[in-house]
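Q: Could you take me on a close look at the interior of this chain, meaning its nonpolar packing and the empty space around it? I would like one connected account rather than a list.

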Amino acid sequence: MEESGMRSPHAAHSRHTASYNLLVNTHDAAFLARTLMDAFGLADWQFRFDHARRRAGMTDFGSKTISLSQPLTQLYDDALVRRVILHEIAHALVGRNHGHDASWRAVASRIGADPHASLRNAPQLEAPWVGICPRGHRTTRFRRPTRPMSCAQCSKHFDRRYLFNWYFHGERVSVG
């Protein structure tokens, strides 16, 4: 890589490596994504933001596009945005049908991505719809539920005894 005159992709966009606790604006995230994608040989791939609310990033092989969730990116700091970008770059590099298998983990490790596919402790958007079953189990939705739902933790099959009571922004509402 040094022979081609390119900086190491691990040093790309060095402005972001010094301040990991600052939240990222989307312009900086897009610049970092494009810089890293180019550094890893993905110049023919596109980058874009999407409106996903539960997943941080996505690799679309059909359109050769890596996308990041704009709403979630705005909640993340520099280090987490970089982690998501590298995660998606690893998917693009390893190719289709690998998911998070050993081949993907090897590529992820090689490029400096976290080989564990989890953002469990990452900030998340709060869903406006919250369902609570009679036993207190909770589920969330970003869209209004259209029919009655029962708690899957209480019963594997639909069971009226475990119907969720729905709340929209904290206020009890009826659905379905």
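A: Happy to: what follows goes from the overall layout to the packing, and then to the empty space.

Please keep in mind that this is a predicted model. The chain has four helices and seven strands, and they come in the order α-β-β-β-α-α-α-β-β-β-β along the sequence. Of its 176 residues, 39% are counted as buried. Among contacts with a separation of 6 or more, 47% join residues that are 24 or more positions apart. The accessible surface is about 10600 Å², with 49% of that belonging to carbon and sulfur atoms.

Now to the part you asked about. As a general background, nonpolar side chains in soluble globular proteins tend to be buried together. Here the largest nonpolar core holds 30 residues, and Met-37, Ile-66, Tyr-76, Ile-85 and Ile-89 have the most contacts inside it. Two or more residues come from each of helix H1 (26-39), strand S3 (65-69), H3 and helix H4 (102-111). H3 gives the largest share of this core, with nine residues. Met-37 is a good place to zoom in: leaving aside residues up to four places away in sequence, Met-37 touches Leu-42, Ala-43, Trp-45, Gln-46, Phe-47, Ile-66 and Ile-89. There is also a second, separate core of eight residues, Cys-133, Phe-164, Trp-166 and Val-175 among them.

Next comes the empty space. Searching the whole structure for cavities of 30 Å³ or more turns up one, and the largest cavity has a volume of about 30 Å³. Its lining is made up of Ala-56, Leu-68, Thr-73, Tyr-76, Val-81 and Val-84. By class, that lining has five nonpolar residues, one polar and no charged ones. Tyr-76 therefore turns up in two places, as a residue with many contacts in the largest core and as part of the cavity lining.The largest pocket has a volume of about 640 Å³. Its lining counts 32 residues, and Arg-53, Arg-54, Arg-55, Leu-72 and Gln-124 lie nearest its centre. By class, the lining of this pocket has 15 nonpolar, nine polar and eight charged residues. Helix H3 (78-94), strand S4 (129-132) and strand S5 (138-141) each supply at least two lining residues, and H3 gives the most, with four. H3 is thus a good element to keep in view, as it gives the largest share of the largest core and the most residues to the lining of the largest pocket.

Key. Residues numbered from 1 in each chain as written. Predicted model: local features only at pLDDT ≥ 70, side-chain atom pairs only at ≥ 80, totals over all residues. Heavy atoms only, no water. Buried < 20%, exposed > 50% of the residue type's maximum accessible area, 1.4 Å probe, protein only. Contact = heavy atoms within 4.5 Å. Areas by Shrake-Rupley, 256 points an atom, 1.4 Å probe, with all protein chains shown as cover. 1 Å grid on protein atoms, 1.4 Å probe; cavity = no way out; pocket = protein on both sides within 12 Å on 5 of 7 lines; lining within 4 Å. Points joined across faces, edges and corners; volume = space filled by probe spheres on them. Nonpolar A, V, L, I, M, F, W, Y, C, P; charged D, E, K, R; others polar. Core = buried A, V, L, I, M, F, W, Y, C linked by side-chain atoms within 4.5 Å.
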